Amino acid sequence: MKVYRYVIWLMVCCGSLHSLSAQTDKELLMKSSLFHPVKDTAPAQQQRQVKPKDSIPKVKKHDPRIATRRSALIPGWGQAYNREYWKIPIVYGVLAIPAGLYLYNNGWYKKTKFAYEAMYKAHYNKDSTDLPLIDSQLKNLSESSLQSYRNSFRRDRDYSILWFIIAWGLQVADATVFGHLKQFDVSNDLSMDITPRFDPLTRGPGLSLTLNLKNPVRKQAVTR
(Lines give C-alpha, C1' and ligand atoms only; values in the text may rest on other atoms or scores of the structure.)
Protein backbone atom coordinates (compact mmCIF):
# COMPACT_ATOMS: atom_id res chain seq x y z
CA MET A 1 0.00 0.00 0.00
CA LYS A 2 2.88 2.35 0.77
CA VAL A 3 4.40 1.52 -2.57
CA TYR A 4 1.31 2.83 -4.37
CA ARG A 5 1.44 6.06 -2.36
CA TYR A 6 5.04 6.63 -3.36
CA VAL A 7 4.19 6.00 -7.01
CA ILE A 8 1.24 8.41 -6.86
CA TRP A 9 3.36 11.13 -5.20
CA LEU A 10 6.08 10.61 -7.77
CA MET A 11 3.61 11.01 -10.63
CA VAL A 12 2.16 14.18 -9.07
CA CYS A 13 5.64 15.69 -8.66
CA CYS A 14 6.62 14.85 -12.27
CA GLY A 15 3.36 16.39 -13.55
CA SER A 16 3.89 19.62 -11.60
CA LEU A 17 7.48 19.91 -12.79
CA HIS A 18 6.38 19.36 -16.36
CA SER A 19 3.70 22.06 -16.09
CA LEU A 20 6.20 24.51 -14.56
CA SER A 21 8.73 23.95 -17.36
CA ALA A 22 6.03 24.31 -20.01
CA GLN A 23 4.88 27.60 -18.47
CA THR A 24 8.47 28.86 -18.37
CA ASP A 25 8.98 28.00 -22.06
CA LYS A 26 5.70 29.72 -22.92
CA GLU A 27 6.81 32.93 -21.15
CA LEU A 28 10.17 32.92 -22.94
CA LEU A 29 8.44 32.45 -26.25
CA MET A 30 6.13 35.40 -25.60
CA LYS A 31 9.10 37.64 -24.82
CA SER A 32 11.01 36.54 -27.89
CA SER A 33 11.33 38.55 -31.19
CA LEU A 34 8.63 36.51 -32.89
CA PHE A 35 5.89 38.33 -31.01
CA HIS A 36 7.83 41.57 -30.36
CA PRO A 37 9.88 42.56 -33.48
CA VAL A 38 13.00 44.62 -32.89
CA LYS A 39 12.53 48.27 -33.76
CA ASP A 40 15.00 50.11 -35.99
CA THR A 41 17.15 52.14 -33.64
CA ALA A 42 18.79 54.20 -36.42
CA PRO A 43 18.09 57.92 -36.09
CA ALA A 44 15.44 59.38 -38.34
CA GLN A 45 17.85 61.97 -39.70
CA GLN A 46 20.21 59.26 -40.93
CA GLN A 47 17.36 57.45 -42.63
CA ARG A 48 16.29 60.60 -44.44
CA GLN A 49 19.76 61.12 -45.86
CA VAL A 50 19.60 57.88 -47.82
CA LYS A 51 18.74 58.82 -51.39
CA PRO A 52 17.73 56.55 -54.24
CA LYS A 53 20.10 55.92 -57.10
CA ASP A 54 17.96 57.94 -59.49
CA SER A 55 18.60 61.16 -57.53
CA ILE A 56 22.35 61.18 -58.24
CA PRO A 57 23.25 64.63 -59.72
CA LYS A 58 24.39 64.61 -63.35
CA VAL A 59 27.65 66.23 -64.50
CA LYS A 60 27.00 69.51 -66.31
CA LYS A 61 28.09 69.45 -69.96
CA HIS A 62 30.66 72.00 -71.14
CA ASP A 63 28.99 74.47 -73.53
CA PRO A 64 31.31 76.41 -75.91
CA ARG A 65 28.57 79.00 -76.52
CA ILE A 66 28.76 80.07 -72.90
CA ALA A 67 32.52 80.64 -73.27
CA THR A 68 31.89 82.74 -76.39
CA ARG A 69 29.27 84.94 -74.76
CA ARG A 70 31.28 85.46 -71.60
CA SER A 71 34.49 86.38 -73.42
CA ALA A 72 32.54 88.79 -75.63
CA LEU A 73 31.20 90.58 -72.54
CA ILE A 74 34.32 90.57 -70.34
CA PRO A 75 37.82 89.68 -71.62
CA GLY A 76 39.15 86.52 -69.98
CA TRP A 77 35.78 85.37 -68.67
CA GLY A 78 35.48 82.73 -71.37
CA GLN A 79 38.99 81.46 -70.61
CA ALA A 80 38.00 81.17 -66.97
CA TYR A 81 34.95 79.12 -67.98
CA ASN A 82 37.27 76.82 -69.95
CA ARG A 83 39.46 76.52 -66.82
CA GLU A 84 42.42 78.05 -68.66
CA TYR A 85 43.23 80.62 -66.00
CA TRP A 86 46.83 81.07 -67.17
CA LYS A 87 45.54 82.79 -70.34
CA ILE A 88 43.79 85.62 -68.48
CA PRO A 89 46.99 87.68 -67.86
CA ILE A 90 47.97 87.17 -71.51
CA VAL A 91 44.56 88.41 -72.67
CA TYR A 92 44.77 91.59 -70.61
CA GLY A 93 48.41 92.08 -71.61
CA VAL A 94 47.51 91.94 -75.31
CA LEU A 95 44.59 94.32 -74.81
CA ALA A 96 46.69 96.72 -72.75
CA ILE A 97 49.11 97.37 -75.64
CA PRO A 98 46.61 99.02 -78.05
CA ALA A 99 44.86 100.68 -75.11
CA GLY A 100 48.13 102.30 -74.01
CA LEU A 101 48.93 103.34 -77.57
CA TYR A 102 45.51 104.93 -77.88
CA LEU A 103 46.03 107.04 -74.75
CA TYR A 104 49.52 108.10 -75.88
CA ASN A 105 48.55 109.02 -79.45
CA ASN A 106 45.30 110.68 -78.42
CA GLY A 107 47.12 112.88 -75.90
CA TRP A 108 49.71 114.06 -78.40
CA TYR A 109 47.04 114.47 -81.07
CA LYS A 110 45.18 116.96 -78.86
CA LYS A 111 48.41 118.86 -78.09
CA THR A 112 49.53 119.13 -81.72
CA LYS A 113 46.01 120.07 -82.83
CA PHE A 114 45.79 122.86 -80.27
CA ALA A 115 49.29 124.13 -81.19
CA TYR A 116 48.51 124.12 -84.91
CA GLU A 117 45.22 125.98 -84.44
CA ALA A 118 46.91 128.53 -82.12
CA MET A 119 49.67 129.24 -84.62
CA TYR A 120 47.16 129.37 -87.46
CA LYS A 121 45.12 132.04 -85.63
CA ALA A 122 48.24 133.99 -84.75
CA HIS A 123 49.48 133.92 -88.34
CA TYR A 124 46.25 134.56 -90.24
CA ASN A 125 43.85 136.13 -87.71
CA LYS A 126 46.48 138.03 -85.73
CA ASP A 127 45.20 136.42 -82.51
CA SER A 128 48.10 135.30 -80.31
CA THR A 129 46.19 134.70 -77.09
CA ASP A 130 46.63 130.90 -77.31
CA LEU A 131 50.36 130.89 -78.09
CA PRO A 132 51.48 130.84 -74.43
CA LEU A 133 49.31 127.75 -73.84
CA ILE A 134 51.18 125.64 -76.40
CA ASP A 135 53.21 122.75 -74.99
CA SER A 136 56.89 123.65 -74.47
CA GLN A 137 58.03 120.76 -76.70
CA LEU A 138 55.98 122.11 -79.66
CA LYS A 139 56.74 125.83 -79.57
CA ASN A 140 59.74 125.61 -81.87
CA LEU A 141 57.92 123.69 -84.60
CA SER A 142 56.45 125.27 -87.70
CA GLU A 143 52.86 125.12 -88.84
CA SER A 144 53.54 122.47 -91.46
CA SER A 145 55.41 120.29 -88.92
CA LEU A 146 52.57 120.63 -86.40
CA GLN A 147 50.05 119.69 -89.09
CA SER A 148 52.10 116.63 -90.08
CA TYR A 149 52.47 115.50 -86.45
CA ARG A 150 48.77 116.06 -85.84
CA ASN A 151 47.81 113.85 -88.78
CA SER A 152 50.33 111.18 -87.77
CA PHE A 153 49.10 110.97 -84.18
CA ARG A 154 45.48 110.89 -85.35
CA ARG A 155 46.24 108.03 -87.74
CA ASP A 156 48.09 106.05 -85.06
CA ARG A 157 45.24 106.65 -82.62
CA ASP A 158 42.71 105.25 -85.10
CA TYR A 159 44.94 102.23 -85.76
CA SER A 160 45.19 101.53 -82.02
CA ILE A 161 41.38 101.40 -81.83
CA LEU A 162 41.36 98.92 -84.71
CA TRP A 163 44.05 96.75 -83.06
CA PHE A 164 42.11 96.81 -79.79
CA ILE A 165 38.99 95.49 -81.56
CA ILE A 166 41.05 92.77 -83.29
CA ALA A 167 42.65 91.71 -79.99
CA TRP A 168 39.21 91.54 -78.37
CA GLY A 169 37.95 89.37 -81.22
CA LEU A 170 40.98 87.06 -80.97
CA GLN A 171 40.36 86.33 -77.30
CA VAL A 172 36.71 85.58 -78.12
CA ALA A 173 37.83 83.19 -80.88
CA ASP A 174 40.33 81.57 -78.50
CA ALA A 175 37.63 80.93 -75.89
CA THR A 176 35.31 79.50 -78.55
CA VAL A 177 37.88 77.17 -80.14
CA PHE A 178 39.22 75.77 -76.89
CA GLY A 179 35.65 75.48 -75.59
CA HIS A 180 34.97 73.09 -78.48
CA LEU A 181 38.25 71.25 -77.90
CA LYS A 182 37.14 70.49 -74.34
CA GLN A 183 34.81 67.88 -75.87
CA PHE A 184 37.30 66.60 -78.46
CA ASP A 185 37.60 62.81 -78.43
CA VAL A 186 41.12 61.75 -77.43
CA SER A 187 40.20 58.25 -76.31
CA ASN A 188 41.36 54.91 -77.71
CA ASP A 189 38.60 55.03 -80.34
CA LEU A 190 40.96 57.10 -82.53
CA SER A 191 43.94 55.67 -84.39
CA MET A 192 46.33 57.09 -87.00
CA ASP A 193 48.79 55.14 -89.12
CA ILE A 194 51.60 56.53 -91.30
CA THR A 195 53.06 54.10 -93.84
CA PRO A 196 55.48 54.58 -96.75
CA ARG A 197 54.09 54.13 -100.28
CA PHE A 198 55.04 54.49 -103.92
CA ASP A 199 53.27 57.24 -105.85
CA PRO A 200 52.65 56.09 -109.45
CA LEU A 201 52.02 59.66 -110.68
CA THR A 202 55.31 61.14 -109.54
CA ARG A 203 57.08 57.75 -109.65
CA GLY A 204 58.63 58.47 -106.31
CA PRO A 205 58.31 57.48 -102.66
CA GLY A 206 55.74 59.06 -100.40
CA LEU A 207 53.84 58.71 -97.16
CA SER A 208 50.31 57.47 -96.62
CA LEU A 209 48.29 58.82 -93.71
CA THR A 210 45.36 56.70 -92.50
CA LEU A 211 42.94 57.86 -89.82
CA ASN A 212 40.60 55.24 -88.37
CA LEU A 213 37.54 56.04 -86.30
CA LYS A 214 36.25 53.15 -84.23
CA ASN A 215 32.58 52.95 -83.46
CA PRO A 216 32.05 53.35 -79.72
CA VAL A 217 30.45 50.41 -77.96
CA ARG A 218 27.14 51.48 -76.52
CA LYS A 219 26.03 49.97 -73.28
CA GLN A 220 22.58 48.53 -73.14
CA ALA A 221 20.16 50.30 -70.88
CA VAL A 222 19.14 48.35 -67.82
CA THR A 223 15.38 48.01 -67.61
CA ARG A 224 13.61 47.41 -64.38
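1. Let's start in the middle of things, with Ser160, bearing in mind that this is a predicted model. Ser160 counts as buried because its relative accessible area is 4%, under the 20% cut-off. Ser160 sits in helix H6, and a polar atom of its side chain lies 2.5 Å from the backbone oxygen of Arg157. Setting aside neighbours within four places in sequence, Ser160 is in contact with Pro98, Leu101 and Tyr102. One of those partners, Pro98, is on the list of buried residues of H5.

2. Now for the helix around that serine. H6 covers residues 143–181, which makes 39 residues. From first C-alpha to last, H6 reaches 57 Å, close to the 57 Å you'd expect at 1.5 Å a residue. The buried residues of H6 are Leu146, Arg150, Phe153, Arg157, Ser160, Ala167, Gln171, Val172, Ala175 and Gly179. If the spacing in that list looks familiar, recall that an α-helix has 3.6 residues a turn, so residues three or four places apart point the same way. And what covers the buried residues of H6? The cover includes helix H3 (64–73), helix H4 (77–81) and helix H5 (88–124).

3. H5 deserves the same check. With 37 residues at 1.5 Å each, H5 should span 54 Å, and its end C-alpha atoms are 54 Å apart, so the two agree. Its buried residues include Val91, Leu95, Asn105, Asn106, Trp108, Tyr109, Ala115, Ala118 and Met119, along with Thr112 and Tyr116, which get their own points below. The cover over the buried residues of H5 includes H4 and H6. After H5 comes Lys126, with a positive phi near 60°, in case you want to look at the backbone there.

4. How do H5 and H6 sit against each other, parallel or antiparallel? Their axes come within 7 Å and cross at roughly 160°. That angle is over 145°, so H5 is roughly antiparallel to H6. The crossing is left-handed.

5. Thr112 is a good place to see that pairing up close. This threonine lies in H5 and is buried, because its relative accessible area is 0%. A polar atom of the Thr112 side chain lies 2.8 Å from the backbone oxygen of Trp108. Not counting residues up to four places away in sequence, Thr112 touches Leu138, Leu146, Tyr149, Arg150 and Phe153. Among these, Leu146, Arg150 and Phe153 are buried residues of H6.

6. Tyr116, also found in H5, is buried too: its relative accessible area is 15%, against a cut-off of 20%. Leaving out residues up to four places away in sequence, Tyr116 touches Glu143, Leu146, Gln147 and Arg150. Take Glu143 as an example: Tyr116 and Glu143 are 27 residues apart in sequence, but 5.9 Å apart in space, C-alpha to C-alpha. Leu146 and Arg150 turn up in the contacts of Thr112 as well.

7. Is Arg154 buried or partly exposed? This arginine is in H6 and is partly exposed, because its relative accessible area is 33%. Arg154 and Trp108 are 46 residues apart in sequence and 8.7 Å apart in space, C-alpha to C-alpha. Trp108, for its part, is one of the buried residues of H5.

8. H6 has another packing partner in H3. H3 and H6 pack at an angle of about 165°, with their axes 8 Å apart, and are therefore roughly antiparallel to each other. This crossing is right-handed. On the H3 side the contact is made by Pro64, Ala67, Thr68, Ser71, Ala72 and Leu73. H6 brings Trp168, Gln171, Val172, Ala175, Thr176, Gly179 and His180. From that H6 set, Gln171, Val172, Ala175 and Gly179 are on the buried list.

9. Finally, the overall picture. The protein has six helices and two strands, running α-α-α-α-α-α-β-β from the N terminus on. Of its 224 residues, 18% are buried. Looking at contacts between residues at least 6 apart in sequence, 52% join residues at least 24 apart. The contact between Tyr116 and Glu143 is an example of that kind, as the two are 27 residues apart in sequence.

Terms used:
Residues are numbered from 1 along each chain as its sequence is written. This is a predicted model: local features need pLDDT of at least 70, side-chain atom pairs count only at pLDDT 80 or more; totals for chains, interfaces and linings use all residues. Side-chain values use heavy atoms; hydrogens and water are left out. Helices (H or I, at least four residues) and strands (E, at least two) are DSSP runs, numbered from the N terminus. The expected span of a helix is 1.5 Å times one less than its number of residues. Buried means under 20% relative accessible area, exposed over 50%, partly exposed in between (1.4 Å probe, protein chains only). Contact means heavy atoms within 4.5 Å. A polar contact is a pair of N or O atoms within 3.5 Å; within protein, one must be able to donate a hydrogen and the other to accept it, and residues adjacent in sequence count only if both atoms are side-chain atoms. Axes are lines fitted to C-alpha atoms, for helices over the stretch in contact, and angles run from 0 to 180 degrees between N-to-C directions. Angles under 35 degrees count as roughly parallel, over 145 as roughly antiparallel, 65 to 115 as roughly perpendicular and the rest as oblique. A crossing is left-handed if the near helix is turned anticlockwise from the far one by less than a right angle, and right-handed if clockwise.
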